[in-house]
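Hello,

Please find the structure we talked about below, followed by some notes on what turned up in it.

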Amino acid sequence: MLEHLYEYPIVAVNDVKDLVQISYLAANNLVRKFVEQGVLPEITGQRRNRRFRYAEYIDLFNDA
């Protein structure tokens, strides 16, 4: 999944499911692990239709 994040740095669980070709439950668990490690913070503040941002990668392109 990490390789896909370089191409799609903002994702939803359904995006991960389709990109990695796994079940929704497995994708949700994978995303949760990335969130717990601080790699993919959730950016919507919602309980449904959440989006996650690969912040460290995106921040490389922001002006300091």
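The protein chain has 4 helices and 2 strands, where helices (H or I, at least four residues) and strands (E, at least two) are DSSP runs numbered from the N terminus, and along the sequence they follow the pattern α-β-α-α-β-α. The radius of gyration, taken over C-alpha atoms, is 11 Å, close to the 11 Å that the globule rule gives for 64 residues, so the chain is as compact as a globular protein of that length; that rule is 2.2 Å times the number of residues to the power 0.38.

This is a predicted model, in which local features need pLDDT of at least 70 and side-chain atom pairs count only at pLDDT 80 or more, while totals for chains, interfaces and linings use all residues. Residues are numbered from 1 along each chain as its sequence is written, and side-chain values use heavy atoms, with hydrogens and water left out.

Buried residues (under 20% relative accessible area, with a 1.4 Å probe and protein chains only) make up 23% of the 64 residues. The largest nonpolar core, a set of buried Ala, Val, Leu, Ile, Met, Phe, Trp, Tyr and Cys residues joined through side-chain atoms within 4.5 Å, has 12 residues in all, including Met1, Leu5, Phe34 and Tyr57. Helix H2 (13-20) and helix H3 (24-36) are the elements that give two or more residues to this core, and H3 supplies the largest share, 3 residues.

Ala27, which also belongs to this core, is in contact (heavy atoms within 4.5 Å) with Val13, Val16, Lys17 and Ile22, leaving aside residues up to four places away in sequence.

Best wishes

Methods: Buried < 20%, exposed > 50% of the residue type's maximum accessible area, 1.4 Å probe, protein only.
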